[in-house]
Amino acid sequence: MANDKAASLQFLGAAGGVTGSKFLFSHGDDQVLIDCGLFQGLKELRQRNWAPLPINLSRLRAVILTHAHIDHSGYLPRIVGKGYKGPVFATPGTCDLLGVMLPDAAHLQEEEARYANRKGYSKHSPALPLYTVEDAERSLRLLRPVRLEESVEVIKGVFLDYSRVGHILGAGSVRLSFQLNGQKRTLMDSGDLGRYDRPILKDPEPAGNADWLLIESTYGNRIHPKESEGELRNIIKETAEQGGCLLIPAFAIGRTQDLVYTIRKMEDAGEIRPIPVYLDSPMAIEATGIYSRHSAEHDFEMAQLSNHDRNPLRSRNMVLAKSPEQSKAINNFKGPLIIISASGMATGGRVLHHLKHRLPNPDTTVLLVGYQAEGTRGRLLQDGAKDVKMLGEVIPVRAKIKVLDGFSAHADQGEILRWLRTFKKPPRMTYIVHGEPPASNMLAEVIRDQFKWKVEVAKHQQVAPLV
Ligand SMILES: [Zn+2]
């Protein structure tokens with residue numbers, strides 16, 4: 001049979017860790033890359049971004065993205081810069097978000113290279129960016145939007161469909177269907193699994209079926225606390241009463257919109273008094289516009305609120321800082337105030353200059369609302385570091401550091417299991433990906449225990465034959 005080709009899967013990222021998602025599906029001589037993410041965090045991980053391409057571009061026929069987060073999409077301009085010209089499939093929401101995210105990521109890469117050259121701290125002379133803004137622009141021209149209800153043939157004999165997973169706008173799990181030994185087989189990658197009953201976006205859909213399943217495990221060993229909104233309310237109240245600064249490093253996409261939505265809800269309910277909220281991230285500002293426009297993804301409450309004469313994604317007293325000058329001017333403002341700025345793990349972006357300015361001040365509270373990967377400044381702060389290095393200086397930490405896990409965009413163990421229960425029959429094999437080892441190992445154990453499924457924790461570069 002023409003379509004009956006040998007198939008395999010190789011884990012080129014997000015195996016043994018949470019970043020660099022890249023799963024290479026081989027079908028005969030053709031290859032499809034599911035996600036094309038950047039490694040982030042520890043230096044040894046980031047160095048993988050600079051290693052020779054792990055993919056033979058002459059065989060790569062298609063790239064499929066589960067969602068727009070940089071650890072799933074941010075390596076795309078690198079392969080495009082090296083000559084990839086094929087299609088990149090993604091949902092319409094993801095395509096729109098990438099339009100702001102990839103140029104921004106490229107801009108950061110270029111800035112980092114310029115900075116390294118100025119300070120002379122690169123081993124290479126001159127230091128080059130991993131990719132350029134032009135590579136990012138070229139990547140965007142390769143995008144092929146795929147609607148959630150659609151099925152498209154990505155290479156001959158291999159069909160793609162998405163199903164909704166919450167998480168962030170446009171996020172989907174990816175299912176590939178193809179013939180093997182005369183039978184229809186399916187490979188599914190959960191992508192980043194979102195949560196149930198969260199604001200703004202619809203809940204994850206039932207998964208359906210898969211012969212081979214890749215399941216993320218970021219919080220495979222954790223249960224999110226229920227009372228995160230109440231905690232946020234108390235922290236904001238305290239900030240308002242004490243005239244302090246609440247500095248929130250937040251992912252521009254998803255987390256920022258959740259926070260602003262929740263703050264607005266609490267203001268409208270009279271639970272907190274409106275204090276200035278500075279949204280200091282051009283990307284977050286643009287992403288918020290994209291969130292508002294994609295009304296088909298809104299859940300019932302968001303749709304209802306949007307129908308009235310107000311914007312649920314804007315707090316009562318919100319200031320948008322677009323230019324670098326507006327961003328720097330925030331340093332002069334005394335509290336009470338809230339600053340929401342990217343990046344979410346304090347690995348780069350404008351939040352660094354806010355941290356540099358506010359960390360030495362005991363009137364500041366730094367609130368970590370997302371997963372802080374190993375090796376990031378966010379993780380150091382979370383672990384109680386007394387000082388952190390940033391922008392070439394050692395900054396003492398005198399601010400209060402608080403952690404709120406409940407705003408995570410990732411399913412916790414219970415929510416992962418809830419999604420897995422929607423499978424009509426057990427996959428032939430389930431691979432645990434996208435987790436640090438304790439989380440992945442624990443999830444594997446629980447699935448074996450409760451579901452009796454065949455489960456394996458994926459290893460970096462491991463090849464799994466699909467037979
Ligand atoms: Zn994600």
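1. How many disulfides does a search of the whole structure find? The search finds zero, and the structure searched is a predicted model. Cys36 is in no disulfide, since the nearest cysteine sulfur, which belongs to Cys95, is 14 Å away. The pairing fails from the side of Cys95 as well, because the closest cysteine sulfur to its own is that of Cys36, at 14 Å, which is too far for a bond; the cut-off that matters here is 2.5 Å between the two sulfur atoms.

2. Are these two cysteines buried or exposed? Cys36 has a relative accessibility of 0% and therefore counts as buried, and Cys95, at 10% relative accessibility, counts as buried too, the limit for that class being under 20%.

3. On the chain as a whole, the secondary structure amounts to 14 helices and 22 strands. The radius of gyration is 22 Å, close to the 23 Å that the globule rule gives for 467 residues, so the chain is as compact as a globular protein of that length. Along the principal axes, the C-alpha trace spans about 70 × 55 × 40 Å.

4. As for burial and contacts, 59% of the 467 residues in the chain are buried, while the accessible surface comes to about 19,200 Å², with 49% of that area belonging to carbon and sulfur atoms. Of the contacts between residues at least 6 apart in sequence, 75% join residues that are at least 24 apart.

5. One element to inspect is an open sheet of seven strands with mixed pairing, whose order is β7-β8-β9-β10-β11-β20-β21. The edges are taken by β7 (151-155) and β21 (455-457), and because each has a single partner strand, one side of each is left without a neighbour in the sheet. From one strand to the next, the twist averages 25°.

6. At the β7 edge, that strand runs antiparallel to β8 (residues 158-164), to which four bridges join it. Within this pair, Glu153 stands opposite Phe159 in β8.

7. Two helices should be viewed together with the sheet. Helix α13 (residues 413-420) packs on the sheet and touches β9 (172-180), β10 (183-189) and β11 (212-216), with its direction making about 160° with that of β11. Helix α14 (residues 437-451) lies across β11, β20 (429-433) and β21, and runs at about 175° to β21. Strand β11 is thus named among the strands for α13 and also among those for α14.

Methods:
Residues numbered from 1 in each chain as written. Predicted model: local features only at pLDDT ≥ 70, side-chain atom pairs only at ≥ 80, totals over all residues. Heavy atoms only, no water. Buried < 20%, exposed > 50% of the residue type's maximum accessible area, 1.4 Å probe, protein only. Pairing = 2+ DSSP bridges. Axes fitted to C-alpha atoms, helices over the stretch in contact; angles between N-to-C directions. Contact = heavy atoms within 4.5 Å. Rg over C-alpha atoms; globule rule 2.2 N^0.38 Å. Areas by Shrake-Rupley, 256 points an atom, 1.4 Å probe, with all protein chains shown as cover.
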